[in-house]
Amino acid sequence: MPRETRRVRLLVTPEGVPLPLELADAGQRAGAFILDLLILFGSVIAVSIFLIYVAKSIPGQAINHVAALLWTIGLFLLRNFYFTWFEARPRGATPGKRALGLRVIARHGGRLTLDAVIARNALREVEAFLPIMLMISSLATHGYDTLIVVCGLGWTAIFLFMPLMNRDRLRAGDLLAGTWVIRVPKRPLLPELSADVEENAFTEAELDAYGVFELETLEQVIRQAHAPAVATVTYTICQRIGRQHWSDDGGPRDIAFLQAYYAGLRGRLEQKLLFGKRRADKHDRS
Amino acid sequence: MAISLPFRRKRDAHLPDGGIGAPARRLDPLPSAKFRAEREGDWRRLDDLLNRAERRSAAALSDEELLALPTLYRATVSALAVARETSLDRALIDYLEGLSTRAYFFLYGVRGRIGPRLRQFFRHDWPAAVLALWKETLGSLLLLVAGTLAGYLLVRADSGWFMALAGGMSEGRTPDSTTQQLRDVLYKGGTDGLEMLASFLFTHNAQMALMCFALGFLLAVPSTILILMNGLTLGAFLALYANHGIGGELVGWLCVHGTTELFAITLAGAAGIRIGWAVAFPGRLSRLDGMAAAGRQSGTVMAGVVVMLFVAALLEGFVRQLVTTDWLRFLIGGAMLVVWLAYFYGPAGRRR
């Protein structure tokens, strides 16, 4: 799988095995944040409607007080602790981040502590909420004022574009808390391709035509099973190893042939690998 | 016969049936495929445990499963190391990398359950963090005192300053108010809507404190201004009441919650200053590491500040309105101050 190596950081586990961590890019971060904002606004509206409904349906003055109390506290908690609550949990991600397969980790893979999560989310106050609230409140009290809107947007823009200005895609909160946001997509365990294929004796010369790069490409072609691609690849391989094969234009017959060749090639390359020879691609003559 | 081996999968639907006529001979499984088949069960089990634990919390797993997690994780990581050296199945290696990463962060990434974490916070982390910030706290306190003095002197000299300094906090109190009106605010008390008052005070103050902390990122300039402004308002009120000769009563009124609230605001300012300082003068650490260290330390302090402000709001919203005896007010305020000082600067933060 081709990876963009600029955003990959290596973490060596205590067991001594390096794990590649892929930093989330700016688009994913922004997407997650917008999702979270929508969820926040949605829940504020839902809670408000619910409380109004309850206050209206139950007679008496006391219930109004309770509703107002719940609303004030609830709004405060949502605004300040929505992000903190979710990121402090084992999954380390808000619902928005989870939807995009992201999570928060301590830089260099250490423990993500509660204080770091608090610090990184307290800064959202300055990055996003303060200018938004300022603009809304000034709009409400003085009407539209270009200067305030421009200042508010300019302020937000400085923080908004901060992740684009450093290699690790850190926003101010990440800088302060020493955190990274990485991608941990859930990958399914794909079926084993070499299992259950027909014995289709290829000679060693035929199997020596390709290296690891071609093997991995072949794996992708078989897994995607896109008929034109399968037909083309089948034709190319037959040409290269000089074999007669009656093609059915990317149908089951071609796929069976590719699978058989894949199994043979992988067996051959893995055998060489055990002897310390890794043939990178077809140009590698070692 | 190879077909009877346990790791044989069911045949995929899209694969052709075994040739025309006589069934073709099957290829013996590759060593790497055998390797995978032997361990696949463990990986799937780990995957399943992680899914369940991440969806809710570690409490979703039984003790037995919790104990199995590290073992499964280690098996998976070592399988990944072996697979990298012996297998050329890209999809398998990608899967193992993803699974190991998830398991790693589940095991090493967060610190256990919420209960022990909270206990640790109150027993050690919070006082220790406050203790470590003593220099900044002192600076923040000096700013507050300087602001108060300035506000006091300004309003004593010319009561016209009062409205400019007190702003929205005046609650109808102006330099033209009579002594009786000023006194009423302090003692009228009442029991109506106290919980509303408390919740408003808490959310408002906590919001300001969090902002004071966050603004520290801008080289602490806005934080120090906020602290000074706070002091100015306080000083203006003191002067207003002192002009009418009831300054002592005002101090009693403020004292109930003020010792807690002003302490909390001082700490929030200190946290802001700490961050601003780390941004401006990282010292021996790199700027990035310096900021991270400062952020974590002051993050702990801020969590505590929110707790303090909650206590302060309860004192302000309920106790202050219900207790109208001066000496009792002084006693409560003083006792709170002693409790906080003993907690932060006593043995709690120095343990370990």
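**View 1. Chain A is stretched out beyond what a globule would give.** Chain A has a radius of gyration of 28 Å, whereas a compact globule of 286 residues would come in near 19 Å. That radius is taken over C-alpha atoms, and the globule rule is 2.2 Å times the number of residues to the power 0.38. Along its principal axes, the C-alpha trace of chain A spans about 90 × 40 × 40 Å. This is a predicted model, where local features need pLDDT of at least 70, side-chain atom pairs count only at pLDDT 80 or more, and totals for chains, interfaces and linings use all residues. Residues are numbered from 1 along each chain as its sequence is written, while chains are lettered from A and ligands numbered from 1 in the order in which they are written.

**View 2. Chain A mixes ten helices with four strands.** Going along the sequence, the order is β-β-α-α-α-β-α-α-α-β-α-α-α-α. Helices (H or I, at least four residues) and strands (E, at least two) are DSSP runs, numbered from the N terminus. Some 34% of the 286 residues of chain A count as buried, meaning 20 or more other C-beta atoms lie within 10 Å of a residue's own, with C-beta atoms placed from the backbone (12 or fewer would be exposed, in between partly exposed).

**View 3. β1(A) and β2(A) form a hairpin.** Strand β1 (residues 8–12) of chain A runs antiparallel to β2(A), joined by five bridges; strands pair if DSSP finds at least two bridges between them. V8(A) sits opposite E22(A). Five residues lie between the strands, and G16(A) takes a positive phi near 85°. Side chains alternate along β2(A) (residues 18–23): L19(A), L21(A) and L23(A) point to one face and are buried, while P18(A), P20(A) and E22(A) point to the other and are not.

**View 4. β4(A) pairs with β2(A) and with β3(A).** Two bridges link β2(A) to β4(A) (residues 179–183), running antiparallel, and L23(A) has I182(A) as its bridge partner. β3(A) also pairs with β4(A) in the antiparallel sense, here over five bridges, with V104(A) matched to V181(A). Five of the five residues of β3(A) are buried, so this strand is largely enclosed by the rest of the structure. Both of its faces are covered: L102(A), V104(A) and A106(A) on one side, R103(A) and I105(A) on the other.

**View 5. Chain A meets chain B through 68 of its residues.** They are in contact with 74 residues of chain B, contact meaning C-beta atoms, placed from the backbone, within 7 Å. Elements supplying at least two residues each to this side of chain A include β2, β3 (102–106), α4 (114–142) and α10 (252–274). The residues on that side split into 40 nonpolar, nine polar and 19 charged. For the whole complex, the predictor gives an ipTM of 0.86 and a pTM of 0.82.

**View 6. Chain B has two assigned domains and an N-terminal stretch with pLDDT under 50.** The domains cover 27–110 and 118–350, and their C-alpha centres lie 51 Å apart. Chain B averages a pLDDT (the predictor's confidence in each residue, from 0 to 100) of 84. Residues 1–22 of chain B stay under 50. Where pLDDT is low, the predicted coordinates should not be read in detail.

Conventions: Domain bounds come from an automatic or database domain assignment. Two residues are in contact if their C-beta atoms, placed from the backbone, lie within 7 Å. Ala, Val, Leu, Ile, Met, Phe, Trp, Tyr, Cys and Pro count as nonpolar, Asp, Glu, Lys and Arg as charged, and the others, Gly among them, as polar.
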